[in-house]
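Me: I'm new to reading protein structures and would love a close look at a single part. Could you pick one loop, walk me through it slowly, and then link it to the rest of the chain?

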Amino acid sequence: MNAPIRPFTIDVPQADLDDLKDRLVRARWPRQLPGEGWSRGVPVSYLKDLAEYWGTGFDWRAQEAALNEFPQFVTEIDGHDVHFLHVRSPEPGALPLILTHGWPNSFVEFARMIGPLTDPRAHGGDPEQAFHVVVPSIPGFGFSAAPRGTGWDAARVAQMWAELMGRLGYGRYGAEGGDFGAYVAPELAKAAPDSVVGVYVISGLGMPSEKDVPDMTPEEFAHYELMQQWTTGGVDHHALQRSAPQTFAYGWNDSPVAALAWMMQKFEDFNSTGTTPEQAIDRDLILTNVSLYWFTGTFGSAAWPYYENTAEFAWPAGQHDAPTGLYSGPPGIRRLAERDSTIVHWPEANPGGHHFVAMEEPEAVAADLRTFFGLVRD
């Protein structure tokens, strides 16, 4: 028997907001270390300005109200409560679509993309390419219950998503994912091959390894060098969260300044726009995501995709159960991606320079999703 689907509303206690502001005011700031820009990490002057805005200018209640405009629910799957948005399109022929966020992100990643997806008519799109949108929170992130044991991976999350979509009455749907979601979405096609009509990945398929170098063309080798440059920069969050997430969670959970610094470090590491993170992505959207982690106390529990993976880092694997499209093919190499996936959509000039491009370019990602699923939905 299916567990009930219960309505959910975000309602952070005022005491939690007051506590956050008090902690920000009482922050014990470190000295700035020698070095240019971000060379030693998040600059003190930069973070002070952002923390000041978080405590005195950022309006959580306004963001909370905006998020609550989306219908939200909770249901138990695999013994864990799963929080999700379920926004139905006004268009009767809309295709159901499940979006999976990544780390250090949340369902907030897609907040500004839902309107263009569910109601393209109101956003200059084709109403025949509308979607019913489902956005679950990965276990341990935000309002979804944290895993209570070990042994979790993307395939287990995909099994939960297949159960969720079936429970919502969807027997045929698309799957999207970026960052950790790029691991989950292909697994969902494997878990429900008769239901998933297409898999859309933001990027990460066809990434070359050292063993592929001898067979590369000069153009492919240039992509490989670009990938090497990107993967060796910034803080190695994979190693950090694989080795001692509990240790670092004390600071993230107790100090909003420590939590903000960690988040901004990663939003900068994932940023290739040549601007600061909040110039690439609206700072209220970034702070809404940071606040969600803070109010739910999920900095530690959201680390599980890393500490559960004891092997060396591996890029997302593809699948041949459903056709695949990407928002950005490069720096992946299509020839390599086609070893593990049936690629039907491989754009090379979509706008955006941030890893979380759904936050940076929501209209562009929504438009490209419509393009891909226009190829496979019939």
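Reply: Happy to! Helices and strands here are DSSP runs, with at least four residues for a helix and at least two for a strand, and they are numbered from the N terminus. Please keep in mind that this is a predicted model.

With those names in hand, let's go to the loop between S4 and H4, where Pro-104 is found. The strand S4 covers 95–100 and the helix H4 covers 114–118, and Trp-103 lies in the loop between them. The peptide bond from Trp-103 to Pro-104 is cis, with omega near 0 degrees. That deserves a second look, because most peptide bonds are trans. The chain has another cis bond to compare: Pro-330 and Pro-331 are joined by one, with omega of about 10 degrees. Pro-331 also sits in a loop, this one between strand S8 (324–326) and helix H14 (334–337).

Back to Trp-103. Is it buried or exposed? Its relative accessible area is 2%, so Trp-103 is buried, as the cut-off for that word is under 20%.

What does the ring of Trp-103 pair with? It forms an aromatic pair with Tyr-306, with 5.3 Å from centre to centre and 70 degrees between the planes. Planes over 60 degrees apart count as edge-to-face, so this pair gets that label. Tyr-306 belongs to helix H13 (residues 304–307), so the pair ties the loop to a part of the chain 203 residues away in sequence. Tyr-306 counts as buried too, at 8% relative accessibility.

The two rings also have company: Trp-103, Phe-248, Trp-252, Trp-262 and Tyr-306 form one aromatic cluster. In total, the count of aromatic pairs comes to 20.

One member of that cluster leads us on to another feature. Trp-262 falls within the span of helix H10 (256–269). H10 gives the most to the lining of the second largest pocket, with five residues. Helix H2 (44–56) also supplies at least two lining residues. The pocket holds about 420 Å³ of space. Of the 20 residues that line it, Pro-30, Val-42, Val-44, Leu-47 and Ala-261 are the closest to its centre. Sorted by class, the lining has 13 nonpolar, four polar and three charged residues.

Rings elsewhere in the chain have charged partners. Arg-283 lies over the face of Tyr-53, 3.5 Å from the ring centre. Likewise, the charged end of Arg-377 sits over the ring of Phe-131, at 5.5 Å from its centre.

For some more backbone detail, try Asp-78, which is not a glycine yet has a positive phi of about 55 degrees. You'll find Asp-78 in the loop between strand S2 (72–77) and strand S3 (80–87). With a relative accessible area of 39%, Asp-78 is partly exposed.

Finally, let's zoom out to the whole chain. It has 16 helices and nine strands. The radius of gyration is 20 Å, close to the 21 Å that the globule rule gives for 378 residues, so the chain is as compact as a globular protein of that length. Of those 378 residues, 52% count as buried, and Trp-103 in our loop is one that does.

Methods. Residues numbered from 1 in each chain as written. Predicted model: local features only at pLDDT ≥ 70, side-chain atom pairs only at ≥ 80, totals over all residues. Heavy atoms only, no water. 1 Å grid on protein atoms, 1.4 Å probe; cavity = no way out; pocket = protein on both sides within 12 Å on 5 of 7 lines; lining within 4 Å. Points joined across faces, edges and corners; volume = space filled by probe spheres on them. Nonpolar A, V, L, I, M, F, W, Y, C, P; charged D, E, K, R; others polar. Phe/Tyr/Trp six-rings, centres within 6.5 Å; stacked < 30°, edge-to-face > 60°. Buried < 20%, exposed > 50% of the residue type's maximum accessible area, 1.4 Å probe, protein only. Lys NZ or Arg CZ within 6 Å of the ring centre and 35° of its normal. Rg over C-alpha atoms; globule rule 2.2 N^0.38 Å.
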